[in-house]
Amino acid sequence: MNPSGELQELNVPQRVLLGPGPSDVDPRVLRSMSTPLLGHLDPEFLRIMDRSRAMLQALFGTNNRLTLAMSGTGSAGMETCLVNLLEPGDRIVVGVNGVFGTRLCEVARRCGAEVVAIEAPWGQVLEPEPFQKALAEKRTKAVAVVHAETSTGVLQPLEAIARSARAADALMIADTVTSLGGTAVALDEWGVDAAYSGTQKCLSCPPGLSPVSFGERAAAALAARKHKVQSWYLDLSLIQEYWGSARSYHHTAPISMLYALHEALRVCLEEGLPARFARHVRLSRALAAGLEALGLQLFADPNHRAPMLTTVRIPEGVDDATLRGRLLSEFGIEIGGGLGPVKGKIWRIGLMGYACRWPNVAALLGALGTLLSQSGHRCEAGAALAAAHAALDA
Ligand SMILES: *Cc1c(COP(=O)(O)O)cnc(C)c1O
């Protein structure tokens with residue numbers, strides 16, 4: 001009756017998602033998505049949005065009124081910040097030490113901006129001095145930097161660069177897609193004017209929303225624009241009318257995704273942010289100890305490792321695609337490969353939100369140790385597990 005199989009039901013294998021995102025979704029979040037719909041202007045739904053905004057403010061470390069969730073994945077948040085703050089001819093200074101800095105440059109160019117890239121080697125942090133120098137050269141509208149660079153596993157300090165931006169009267173924009181919910185983000189304390197994130201990394205939600213927060217200086221820049229925002233869909237001056245008191249229709253809110261975000265934020269705050277961040281640090285240290293005990297070399301600068309994403313060099317003689325394929329098909333575990341210049345050279349292991357648990361670390365180290373030994377790399381899975389377990393309480 002159904003020879004080509006198009007009526008076959010969904011039947012997905014069970015996986016453990018330890019890549020750079022999406023990460024495993026918390027079962028509470030999945031359940032929340034089967035809640036019956038409310039209309040997007042139903043007073044009860046508007047209350048859910050208000051509560052989500054308050055919880056997002058807590059995660060972002062801000063009192064910014066203009067804090068909301070854009071419809072779309074993390075890249076939509078990136079585009080939201082740039083299209084709303086940049087006008088043709090504006091100058092922006094962008095930190096580039098991985099894929100997402102490169103993407104920021106690409107989006108900024110499409111806004112008609114003059115883009116100045118400040119580069120650092122992949123796996124290293126950006127230093128503040130080159131930003132100060134670039135800002136001193138010419139009037140600059142904005143500076144944009146990635147907080148947790150998911151292509152390299154580097155956690156970038158933002159405060160010094162934000163201070164330089166503020167001193168030069170430029171807006172500071174931060175990509176917190178991978179960091180939000182996994183490590184401290186403090187927009188107000190650091191002087192970050194605009195930030196965006198995504199739901200599918202440390203918030204343990206499916207991909208589909210992008211939390212965004214604009215401070216007063218960013219909101220003022222938006223209000224003072226000479227040209228209309230070139231994207232109608234991402235125009236915050238329109239969308240803030242829906243999230244704000246006017247409640248006027250712009251586009252239909254993705255109701256079920258907003259339920260998911262609401263539940264995910266509750267999960268974060270119930271655990272307590274300090275406890276949540278400490279869990280990410282503790283388990284990433286255990287993972288690092290285990291990987292080193294397997295004779296592997298970590299990739300990112302040891303002083304600036306992102307706790308939710310560990311990068312490790314692929315040992316000599318081991319084929320990237322074959323090993324990751326076997327990890328997935330034989331052990332049900334997904335990790336990420338390298339991008340761009342580090343493709344085939346590193347693996348990216350995410351321990352994000354709900355997935356950041358000891359049993360996942362143990363399963364991954366056991367599987368990796370077994371597969372690496374079989375591919376001719378001398379190591380012992382048992383010893384790696386013991387090293388990781390010991391590091392848990394170090
Ligand atoms: C994943 C990611 C993005 C892009 O998010 P999408 O959800 O893939 O659109 C942007 N920046 C960083 C740092 C990321 O990790």
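This passage describes the surroundings of a ligand, one helix and two buried residues in a predicted model.

The ligand is surrounded by 13 residues, and of these Thr73, Ser75, Thr150, Asp175 and Lys201 come nearest. Three of the side chains place a polar atom close to a ligand atom of a stated kind. For Thr150, an N or O atom of the side chain is 2.3 Å from an oxygen atom of the ligand, while for Thr73 a polar side-chain atom lies 2.6 Å from a ligand oxygen atom. With Asp175 the partner is a nitrogen atom of the ligand, which lies 2.7 Å from a polar atom of the side chain. Taken alone, the ligand exposes 380 Å², and the protein buries 90% of that area. The elements that contribute two or more residues to the shell around the ligand are α3 and α4, the latter spanning residues 99-110. Sorted by class, this shell consists of four nonpolar, six polar and three charged residues.

Helix α9 covers residues 236-243, and within this helix Leu236, Ile239, Tyr242 and Trp243 are buried. Viewed down the axis of α9, the buried residues fall within an arc of 110°, and therefore they line one face of the helix. The general geometry of such a helix helps to explain the pattern: an α-helix has 3.6 residues a turn, so residues three or four places apart point the same way. The buried residues of α9 pack against several other elements, namely the helices α2 (43-60), α3 (74-85), α8 (216-223) and α10 (255-271), together with the strands β2 (66-71) and β10 (209-214).

Two further residues can be considered individually. His377 is located in the loop that lies between α13 (358-374) and α14 (381-392). Its relative accessibility is 15%, and because residues under 20% are classed as buried, His377 counts as buried. A polar atom of the His377 side chain lies 2.8 Å from the backbone oxygen of Leu294. When residues up to four places away in sequence are not counted, His377 touches Leu294, Gly295, Leu296, Pro315, Val318 and Leu372.

Asn360, by comparison, is found in helix α13, and with a relative accessibility of 8% Asn360 also counts as buried. Leaving aside residues up to four places away in sequence, Asn360 touches Val16, Leu18 and Ala355. Between Asn360 and Leu37, which are 323 residues apart along the chain, the C-alpha atoms are separated by 34 Å.

Note on methods
Residues are numbered from 1 along each chain as its sequence is written. This is a predicted model: local features need pLDDT of at least 70, side-chain atom pairs count only at pLDDT 80 or more; totals for chains, interfaces and linings use all residues. Side-chain values use heavy atoms; hydrogens and water are left out. Buried means under 20% relative accessible area, exposed over 50%, partly exposed in between (1.4 Å probe, protein chains only). Helices (H or I, at least four residues) and strands (E, at least two) are DSSP runs, numbered from the N terminus. The arc is that of the directions from the helix axis to the C-beta atoms. Contact means heavy atoms within 4.5 Å. A residue is near a molecule or strand if one of its heavy atoms lies within 4 Å of it. A polar contact is a pair of N or O atoms within 3.5 Å; within protein, one must be able to donate a hydrogen and the other to accept it, and residues adjacent in sequence count only if both atoms are side-chain atoms. Accessible areas come from the Shrake-Rupley method with a 1.4 Å probe; for residues, only the protein chains shown count as cover. Ala, Val, Leu, Ile, Met, Phe, Trp, Tyr, Cys and Pro count as nonpolar, Asp, Glu, Lys and Arg as charged, and the others, Gly among them, as polar.
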